[in-house]
Amino acid sequence: MKKKINVRLVFISLVAILATVIGITTVYYGLFQKQVRKDLAVSAKLLKDTHYFESASTDPETIDLSTDMEELRVTWVDKDGTVLYDNDASPESLSNHSDRPEIQEALEKGVGETVRRSDTMNKNTFYYALLLDNGTVLRVATEAESVWSVLYSSLPLVAGIVVMIVIVCVMLSHMLTKQLIRPIEKMASNMEDSSITPPYKELVPFANTIRQQHADILSAAKARQDFTANVSHELKTPLTAISGYAELMETHMVDATQEEHFVREIRKSAQRLLSLINDIIRLSELDRTDQEESFEILDLSEIVADCVSNLQVNADQKNVRLEYQGSPCTIRANKEMMRELADNLIQNAIRYNNEGGSVRIKVDSEDVPEFVVEDTGIGIPKAEQDRVFERFYRVDKSRSKATGGTGLGLAIVKHIVEIHDAKITLESEPGKGSTFRVTF
Ligand code: ADP
């Protein structure tokens, strides 16, 4: 960043210097040309006003202006273009001047002006011709540097200025970048401290994203820690039971009548362990991100109808009535996950229902594809409605355990819903029942 700022600053100053030099030279050269022309005109008029060249007695041989007027070339031309006098060369050596534009213009209009580039290209010659009263033409000329030679001659100065400005730029940019970067470095070293506001408003979204990511990482780490602690705890209970019952049987402290009960308890605990481990494995599988590949177009109502008929036995055992209302509903989803989703929600509705209660299950796609499970069960208190989707969270722990719940069912449901970009809502009133609604 520092290097970039340095290079850009130097580049900008170089462009600025160049533009200024070109601009100023152009303007001043324009003014200079104007001044040269004006001076020439004054000189010509002064010479004319002396009436020196008009007096009939003037003999070109006697005119001598060369000594005093080195800067100024004076040429006297006759009506036909013959050079009568020139202070720089002998008139005989000069060709007829009738073809010179300034002479032609002076003969026509009284005054003529031209600028000609000299051979060396570095100089311009300015001509000013004036028609005298006797019909001859007096021409004055002077040489001036061309714009290129002005530029060329100012090159050492310009180079000196450039070097100086580059040095100043490097020093300035060094200071500037240091000043600019210091607050950023300070913020970077205290990224998690949200009381430190970003030094520049352009950095606010960047800082927010980083802070959000930081908070997410921390909360994910905390969730993982909690999950590990919960898993260990959940596994420990059935394992302790199995170990205890087995020990009692091993030491023959159980009589024949109790043995059957103990074996059943061991089997139930083992079953519980299996369900727990199955759910944990399922959750970790759902954590994988490449789920999209296994999506297909399917009819949700068929899958739900299947689950309903599978769970009919459970419902009958608990004397709960299952009502299913389904119309074709095509969505893009993972079949296995949809089955799990329906299974978990309907099983919960049976499990947390009252004797003689009912469960209404609905699939339709009137507005949006929708799957609803509505029960007349024990309901969930308002304060706990959000928490039931957390891993291992149970409202009534003993009831959950007694019915074979792991506390992971709704966590799996929530995960599946997220993978499908769907939404799940819960409406519930204790004693009246609960409604889980999944919209795709
Ligand atoms: P569990 O295996 O314990 O059922 P879940 O994650 O499926 O675990 O549900 C979490 C908790 O939410 C349950 O323990 C229960 O207290 C409550 N719950 C879930 N579904 C219902 C329901 N339909 N009616 C009342 N309470 C429910």
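Q: Which residues come nearest to the ligand?
A: Heads-up: this is a predicted model, where local features need pLDDT of at least 70, side-chain atom pairs count only at pLDDT 80 or more, and totals for chains, interfaces and linings use all residues. Residues are numbered from 1 along each chain as its sequence is written, and side-chain values use heavy atoms, with hydrogens and water left out. There are 22 residues around the ligand, each with a heavy atom within 4 Å of it. Those that come nearest are N348, Y352, S400, T406 and L410.

Q: Which residue has a polar side-chain atom 2.9 Å from an oxygen atom of the ligand?
A: A polar contact is a pair of N or O atoms within 3.5 Å (within protein, one must be able to donate a hydrogen and the other to accept it, and residues adjacent in sequence count only if both atoms are side-chain atoms). From the backbone, a polar atom of V395 sits 3.0 Å from a ligand oxygen, and an N or O atom of G409 is 3.3 Å from one. The side-chain contact at 2.9 Å comes from R351.

Q: How much of the ligand's accessible area does the protein cover?
A: Areas come from the Shrake-Rupley method with a 1.4 Å probe; for residues, only the protein chains shown count as cover. On its own, the ligand has 520 Å² of accessible area. The share covered by protein is 99%.

Q: Which strands stand at the edges of the mixed sheet?
A: Helices (H or I, at least four residues) and strands (E, at least two) are DSSP runs numbered from the N terminus, and two strands pair if DSSP finds at least two bridges between them. Five strands make this open sheet, in the order 7-9-10-12-11. An edge strand has a single partner, so one side of it lacks a neighbour in the sheet. That applies to strand 7 (321-326) and strand 11 (423-429).

Q: What is the bridge partner of E370 in strand 12?
A: Strand 10 (residues 370-375) pairs with strand 12 (residues 433-439) in the antiparallel sense, over five bridges. For E370, the partner in strand 12 is T439.

Q: At about what angle does helix 7 run to strand 7?
A: Axes are lines fitted to C-alpha atoms (for helices, over the stretch in contact, meaning heavy atoms within 4.5 Å). Angles run from 0 to 180 degrees between N-to-C directions. Helix 7 (residues 300-317) lies across strand 7, strand 9 (358-364) and strand 10. To strand 7, the angle is about 170°.

Q: Which residue does D86 meet in a salt bridge?
A: A salt bridge needs a side-chain nitrogen of Lys or Arg within 4 Å of a carboxyl oxygen of Asp or Glu, and the structure holds 18 of them. For D86, the N to O distance is 3.1 Å, and the partner is R73.

Q: In strand 4, what is the bridge partner of R117?
A: The antiparallel open sheet has the order 2-1-5-4-3. Strand 3 (111-117) is at an edge, so one side of strand 3 has no neighbour in the sheet. Strand 3 pairs with strand 4 (residues 123-131) over seven bridges. In strand 4, R117 is partnered by N124.
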